[in-house]
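Here are a few notes to go with the model you sent round. Have it open while you read, and take the points in order.

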Amino acid sequence: MEFGRIAETAGQALDLAGVAVIVLGALVATVLFLPRVRHRDRFEDAYRRYRQGLGRAILLGLEFLVAGDIIRTVAVSPTFRGVGVLAVIVLIRTFLSLSLQVELEGRWPWHRRPRPAPPEER
């Protein structure tokens, strides 16, 4: 099997994995959301957790999709036009990833997480 064919197959496999991660993540987040709404949690808390689960699935799926695009573009058809299209795709997906992460965590990815307050002693 030639290298281009292997790279194309690997890129397609990563694309399939990315779509599967997004779909399965959405299903899992939804399945976990429904009982929380009906029984235990307040709606706002359940909805926030649902959005976080869904956002994480989308972020991970986007990473797989970008990897597939990179492999196919660089290994299979390394033309100047192909690399330019890849750059635009990566920029758009990077913007989506950053905006999702900021929305989920409420901070920029390069900022440290706030340290939890130490427990008070009695």
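From which domains does the lining of the largest pocket draw at least three residues each?

1. Both domain 1 (1–77) and domain 2 (78–112) give at least three residues apiece to that lining. Keep in mind that this is a predicted model.

2. Now for the residues themselves. Go and find Leu59, Leu62, Glu63, Val66, Arg93, Thr94, Ser97, Leu98 and Gln101, which line the largest pocket. The space inside comes to about 170 Å³.

3. What's the mix by class? The lining of the largest pocket has 4 nonpolar residues, along with 3 polar and 2 charged ones.

4. Next, the helices. At least two lining residues come from each of helix H2 (43–76) and helix H3 (80–105). H3 supplies the largest share of the lining, with 5 residues.

5. How do H2 and H3 pack against each other? Their axes sit 10 Å apart, at an angle of about 165°. An angle over 145 degrees counts as roughly antiparallel, so H2 is roughly antiparallel to H3.

6. Two last things about this pair. H2 and H3 cross in a left-handed way. Sorted by class, the contact of H2 with H3 has 14 nonpolar residues, plus 6 polar and 6 charged.

How values were computed: Residues numbered from 1 in each chain as written. Predicted model: local features only at pLDDT ≥ 70, side-chain atom pairs only at ≥ 80, totals over all residues. Heavy atoms only, no water. 1 Å grid on protein atoms, 1.4 Å probe; cavity = no way out; pocket = protein on both sides within 12 Å on 5 of 7 lines; lining within 4 Å. Points joined across faces, edges and corners; volume = space filled by probe spheres on them. Helix = DSSP H or I, 4+ residues; strand = E, 2+ residues; numbered from the N terminus. Nonpolar A, V, L, I, M, F, W, Y, C, P; charged D, E, K, R; others polar. Domains from an automatic or database assignment. Axes fitted to C-alpha atoms, helices over the stretch in contact; angles between N-to-C directions. Parallel < 35°, antiparallel > 145°, perpendicular 65-115°, else oblique. Left-handed = near helix turned anticlockwise from the far one by under 90°.
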